[in-house]
Amino acid sequence: MKQKISIESIPVGSTFVDISCSSIASLSFLSRFPHIVTLDASRTQITDLKGVKSFIPITNIKIAATPFSQSKHYRLMLLIVFGSKLASIDDFSVSPQERKHAESIHGSLRSYIYDGWVISKLNPA
């Protein structure tokens, strides 16, 4: 059973935000937390990264067991949006190869991901 979480009840200065096991379906609220370093959004209803801002200093994110994490390229999309500060995703370190790949395509895809698009293929035919 999903719990009801009020984003407004979480202190703005928080560096760790846990919304796991909730019915939250969007990460657009993250700009409310300018000091966030770790986010646990696992087992939520997150489907995309629509409305997320890149200036958020997240270094660790858990987003397993969400509709978004079912996408083959969800780690790549997180790296495109959150950038070089992101060190681990779902408790697995970001590899240098993942980081390099994200950096090579972020310019052409970032705005689409901000608009809620999800990468389904890297080389569409």
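**Figure 1. Overview of the predicted chain.** Among contacts in the chain between residues at least 6 apart in sequence, 36% join residues at least 24 apart. The model is predicted. Two helices and five strands make up its secondary structure elements. Read from the N terminus, their order is β-β-β-α-β-β-α. The C-alpha trace spans about 45 × 25 × 25 Å along its principal axes. For 125 residues, a compact globule would have a radius of gyration near 14 Å, and the chain agrees with this at 14 Å. Buried residues account for 41% of the 125.

**Figure 2. Helix H1 and its cover.** H1 spans residues 74–82. The helix is mostly covered, with nine of its nine residues buried. The buried residues are Tyr74, Arg75, Leu76, Met77, Leu78, Leu79, Ile80, Val81 and Phe82. Their cover includes strand E3 (60–62), strand E4 (88–89) and strand E5 (92–93). Helix H2 is also part of this cover. Gly83 follows H1 and has a positive phi, near 75°.

**Figure 3. The largest nonpolar core.** This core holds 35 residues. Those that touch the most other members are Ile19, Leu27, Leu30, Leu39, Leu78 and Phe82. H1 and H2 each supply at least two residues of the core. The largest share, eight residues, comes from H1. In soluble globular proteins, nonpolar side chains tend to be buried together.

**Figure 4. Contacts of Leu78.** Leu78 is one of the buried residues of H1. Residues up to four places away in sequence are left out of this view's contact list. Beyond them, Leu78 touches Leu49, Ile61, Ile63 and Phe68. Its contacts also include Gly83, Leu86 and Ile89. Gly83 is the positive-phi residue that follows H1.

**Figure 5. Helix H2 and its kink.** H2 covers residues 96–114, 19 in number. Its end C-alpha atoms are only 23 Å apart. A straight helix would reach 27 Å at 1.5 Å a residue, so the span of H2 falls short. The helix has a kink of about 75°, centred on His106. Buried residues in H2 are Ala102, Ile105 and Ile113. H1 is included in what covers them. Just after H2, Gly116 takes a positive phi of about 100°.

**Figure 6. Edge-to-face aromatic pairs.** The aromatic pairs come to three by count. In one of them, Phe68 and Tyr74 meet edge-to-face. Their ring centres are 6.2 Å apart, with 85° between the planes. Phe68 is buried at 1% relative accessibility. Tyr74 has 14%, which is under the 20% cut-off, so Tyr74 also counts as buried. Tyr112 and Trp117 form another edge-to-face pair. Here the centres lie 5.4 Å apart and the planes stand at 65°, over the 60 degrees required, so the pair is edge-to-face. Tyr112 is partly exposed, with a relative accessible area of 43%. Trp117 is exposed at 55%.

**Figure 7. Surroundings of Thr15.** Thr15 is found in the segment before strand E1 (16–18). Its relative accessible area is 43%, which makes Thr15 partly exposed. Leaving out residues up to four places away in sequence, Thr15 touches His35, Ile36, Val37 and Thr38. Thr38 belongs to strand E2 (38–40). Thr15 and Ile58 are 43 residues apart in sequence. In space, their C-alpha atoms are 8.8 Å apart.

**Figure 8. Positive phi at Cys21 and Asp91.** Most residues other than glycine have a negative phi. Cys21 is not a glycine, yet has a positive phi of about 60°. Cys21 lies in the loop between E1 and E2. With a relative accessible area of 26%, Cys21 is partly exposed. Asp91 likewise is not a glycine and has a positive phi, about 65°. The loop between E4 and E5 holds Asp91. Asp91 counts as exposed because its relative accessibility, 59%, is over 50%.

How values were computed. Residues are numbered from 1 along each chain as its sequence is written. This is a predicted model: local features need pLDDT of at least 70, side-chain atom pairs count only at pLDDT 80 or more; totals for chains, interfaces and linings use all residues. Side-chain values use heavy atoms; hydrogens and water are left out. Helices (H or I, at least four residues) and strands (E, at least two) are DSSP runs, numbered from the N terminus. Buried means under 20% relative accessible area, exposed over 50%, partly exposed in between (1.4 Å probe, protein chains only). Contact means heavy atoms within 4.5 Å. Rings of Phe, Tyr and Trp (its six-membered ring) pair if their centres lie within 6.5 Å; planes under 30 degrees apart count as stacked, over 60 as edge-to-face and the rest as tilted. The bend at a residue is the angle between axes fitted to the seven residues ending there and the seven starting there. A nonpolar core is a set of buried Ala, Val, Leu, Ile, Met, Phe, Trp, Tyr and Cys residues joined through side-chain atoms within 4.5 Å. The radius of gyration is taken over C-alpha atoms; the globule rule is 2.2 Å times the number of residues to the power 0.38.
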